[in-house]
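Me: I'm new to this one, so could you walk me through it in plain words?

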Amino acid sequence: MTLSLSSHLNPKKNQSKKILVPYITGGLGDNWLEVLEAVIAAGADAVEVGIPFSDPIMDGPVIQEASQKAIESGATPSSILGALAKQSFGAPLAVMTYFNIVHHAGLQRFAGWLDEAKVGGVVLPDLPIEEMGDWRTVAKSHKIETVQLVAPTTPDSRARMLCEEAEGFVYAVGTMGVTGVRSALSDSATLIGSRLAGFSDKPVLIGIGVSNAQQAQQAAKSADGVIVGSALVRRLLAGEGPDGAFKFVSELRHALDELSD
Amino acid sequence: MNVMGRPTSRGRFGEFGGVYVPESLIAACSELEEAFESSWIDPEFRAEYYRILSNYAGRPTPLTFVKRLSEKLGVEIYLKREDLNHTGSHKINNVIGQALLTKRMGKKRIIAETGAGQHGVATATAAALFGLDATVFMGEVDVKRQELNVFRMKLLGTEVVPVSSGSKTLKDAINEAMRDWVANVQSTHYCIGSVMGPHPYPYMVREFQRIIGDEAQAQFDEEIGGDPDFVVACVGGGSNAAGTFAGFASKENTRLVGVEPSGGAAIGRGSPGIVHGMRTMLLQDEFGQVSEAQSVSAGLDYPGVGPEHSFLHSIGRSEYYQVDDDEVLEATMVLSQSEGIIPALEPAHAVAWVLREAGKIIPLGSKVVVTMSGRGDKDASVVAELLKDRLA
C-alpha cells in the first residue's frame, strides 16, 4: 500500500516533531535499496528517491556525478521504479526527477509506474506551477502528491499561492543556488523558513545547502524540518554504503530530535 | 495566424516553448520579459540599439551576389553577409540588445554559454563596451577546438570557464550557465546566445536577430526586385535562421529552409522533449535522457533547437534538411575558392545544402538567399587538420 506524504508528515508537524527527509540517487551502486532501508531505519520520516537525468540544472557537482554514474551503470526510470515495486518500505517515498523523464515516458504511464512502486509524491524542480496543469490532473487521479518549491526570490503573493497548491510538503529552497554541500547554512534558509511558516498549514521543509547535523538543527528551528541530499550522496560516492548512510542519517535524526523535545 | 508574430503570453509557439525553469528563476524570467517588452516599444531604446549596430558593429551588412558559384550551379545565390559584422558573426546583434537590457535592469554582470565561441566573443565584446563583468561557460572539447576564440575572450577581459561535465560541449555549457544563474540571479543577467531557453528568450533573441531578415528582404527587393524563391540558413539553436526567416515569413512564395548537421538534427531526428527551459524537438534516448550531438561544427553541436523552429516545422512553414560533415568541408573549400569568402563551418552547412540541391529541390534559375552567419577564421586549425591532404 502506498504511504502518502501528507498522512505521514502532517501528524509530525502537528506534534511539533521535526521532519527529516533524506535524498538518495536511485540506481547509484548495486546496494542502493539497502541504502534506502538503512536511511529509513536511521529515522527518516520520508525519503526522496532521485531518478537521474542527463541534464540536471538544479544540481551541483555531487548529484551530477551520482546521476551520471547511475545512468552509466544502466539505471532507467523503469528499472528504479520496478525495483521499488518489489519491496515495501517503512516510510513514504517521493520521486525527485526532471520533467523530461516524466514527459518522455508519458504522464499516465509514469503515474502508473509510481502507483506500482508505491511512491506517494513527486518533486519536479524544473516544472513550475504555470506548466504543471496536465501533470497535476494526472497525478491527482492517481492520488500522487506534487510538492511545490518556493525560492528566496519568490515574492510573498506567489509564495502564498504555492503553499496553498503544495501537496505533501512545501519545499523551501534554502539558498539561491543548486544542490550541494556548503560549509555554512545560508541566512536565506532561516529567513524563508520563518516567512513560509505564516503561509502554510502543510509541513515546510528546508532543502538545498543543508549539509550536516548542526546545520540541520539550525535550519529546522525556523521550519518543520529539512531535506538533506548532497551531504548524504557524497558519502555514498565515497563508498560508505548502507552503514555510512545509517550513521549520517542517525546524526541528523538526533540533532532534530533535540529540537522536538 | 500571424506566422512569426508574438508567442502566447506564456511563451508558446503552438505546443512548443514555455517556461520550464526552477522556481528560483521564475522572477528573473518575468523581470526580463517586462524589461524587453517595455524596451522594444521604446523609441529611445530602439534608436540606441540601431545606433550601436550601425556605428560600432558595422551594419547594415551587404547582400552579395556570388556570380561564379551561381553560374556553376545554375541558380542565383545571394549571401547575407553577417560574417562582416564586428566580431565576425551575427551574434553581436543579439548581444548588443541584451547588454542594453542588462543596463536597464541595473545588473552588473553577464554570463553566457558558447559553443563555437562566437557568442562568447560577442558577449565579451559587449561586456567591455558597456563596462560589465562577464563569465563565459564553454565545454572542454570546444575550448580545445576553438582556441582562437578562447584567447579573444580572455583578451577582452572575460573569464572563460571550461565545462567538464557530460559531453563537454554546448549542451553542458548551457547547464553550467543555468546553474550559475540560479546562484547569482539577483546581480546577473544570463545572455543566452540563441533562440532557445525559457520565455522570453526565444522570442526576444529572434526579435534582436530579425534585423538580418528585415535588411535582407529590403535589400533583395531594392536590388533584385520581388521575393527570393528560397531563404537558407544553418540551424543549431537556430538564431541566424530565425532572424533571417522573420524578414520573409510573410512572403508566401519564399520557401524557408533550415539546414541541420546530420549529427545534431533535432528536428530531423528528434522528438518533443523538455530541456534548458523549453519544450522543443530534442535528440534523446528511449528513457528521455538527452543525447550528445556530434558535429564538426562546435556552434551546431547541440541536441535541441529553438522552439519556434519546432513550431514552424510542425505547421509546414519552414523546411529542415541535413548535411554531413564531409559535405560541409567540401562547401567550405568551394565557397573559399570560387568567391574568396571563407565561411565558418556553421553557415557552410547552408552552402553545402545549396550545392547538393541546386537543380534538385532548388529548381534551376531559382533565386536563393543564404545567410553567411559567420566568418571562418576561428575554424582554421580544425579545417586545416581535416583538409591537410587535399590542400597539401
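What follows is a short round of questions and answers about this predicted model.

Me: What are the ipTM and pTM of the model, and what is the mean pLDDT of chain B?
Reply: Keep in mind that this is a predicted model. It scores ipTM 0.96 and pTM 0.97. In chain B, 100% of the residues reach a pLDDT of 70 or more, and the mean is 96.

Me: Which element gives the largest share of the side of chain A that touches chain B?
Reply: The contact takes 31 residues from chain A and 27 residues from chain B. On the chain A side, the elements giving two or more residues are α3 (61–72), α5 (99–105) and β6 (148–150). By type, that side divides into 18 nonpolar, nine polar and four charged residues. The largest share, six residues, comes from α5(A).

Me: Which are the edge strands of the open sheet in chain A?
Reply: Nine strands of chain A line up in the order β5-β4-β3-β2-β1-β9-β8-β7-β6, with parallel pairing. An edge strand here pairs on one side only, and that picks out β5 (145–146) and β6 of chain A.

Me: Which strands does β3(A) pair with, and over how many bridges?
Reply: Follow the residues across. Val47(A) stands opposite Leu93(A) in β3(A), and β2 (residues 47–50) of chain A pairs with β3(A) in the parallel sense over four bridges. Over on β4(A), Gly121(A) is the bridge partner of Ala94(A), while Val123(A) stands opposite Met96(A). That parallel pairing of β3(A) with β4(A) runs over three bridges.

Me: Are the residues on the two faces of β3(A) buried or exposed?
Reply: Take one side at a time: Leu93(A) and Val95(A) sit on one, Ala94(A) and Met96(A) on the other. Both faces are covered, and all four of these residues are buried.

Me: How many residues does each domain of chain B give to the contact between them?
Reply: The domain assignment gives domain 1 (12–52 + 91–201) and domain 2 (58–89 + 209–386). Their C-alpha centres lie 22 Å apart. The contact takes 36 residues from domain 1 of chain B and 41 residues from domain 2 of chain B.

Me: How do the residues on the domain 1 side of that contact in chain B divide by type?
Reply: Several elements of chain B each supply at least two residues to this side, including α4 (91–104), α5 (118–130) and α8 (170–184). The split is 15 nonpolar, 16 polar and five charged.

Me: Where in chain B are Pro60(B) and Pro200(B), the prolines that follow cis peptide bonds?
Reply: The bond from Arg59(B) to Pro60(B) is cis, with omega near 0°, and His199(B) and Pro200(B) are joined by a cis bond with omega about 15°. Pro60(B) is in the loop between α2 (43–55) and β3 (63–65) of chain B. Pro200(B) is in the loop between β8 (188–190) and α9 (201–223) of chain B.

Me: Is Ser16(A) buried or exposed?
Reply: Ser16(A) is in the loop between α1 (5–14) and β1 (19–25) of chain A. Its phi is positive, about 60°, although it is not a glycine. Just 10 other C-beta atoms lie within 10 Å, so Ser16(A) counts as exposed.

Me: And is Thr87(B) buried or exposed?
Reply: Thr87(B) is in the loop between β4 (76–81) and α4 of chain B, with a positive phi of about 75° although it is not a glycine. Because 24 other C-beta atoms lie within 10 Å, Thr87(B) is buried.

Key: Residues are numbered from 1 along each chain as its sequence is written. Chains are lettered from A and ligands numbered from 1 in the order in which they are written. This is a predicted model: local features need pLDDT of at least 70, side-chain atom pairs count only at pLDDT 80 or more; totals for chains, interfaces and linings use all residues. pLDDT is the predictor's confidence in each residue, from 0 to 100. Two residues are in contact if their C-beta atoms, placed from the backbone, lie within 7 Å. Ala, Val, Leu, Ile, Met, Phe, Trp, Tyr, Cys and Pro count as nonpolar, Asp, Glu, Lys and Arg as charged, and the others, Gly among them, as polar. Two strands pair if DSSP finds at least two bridges between them. A residue is buried if 20 or more other C-beta atoms lie within 10 Å of its own, exposed if 12 or fewer, and partly exposed in between; C-beta atoms are placed from the backbone. Domain bounds come from an automatic or database domain assignment.
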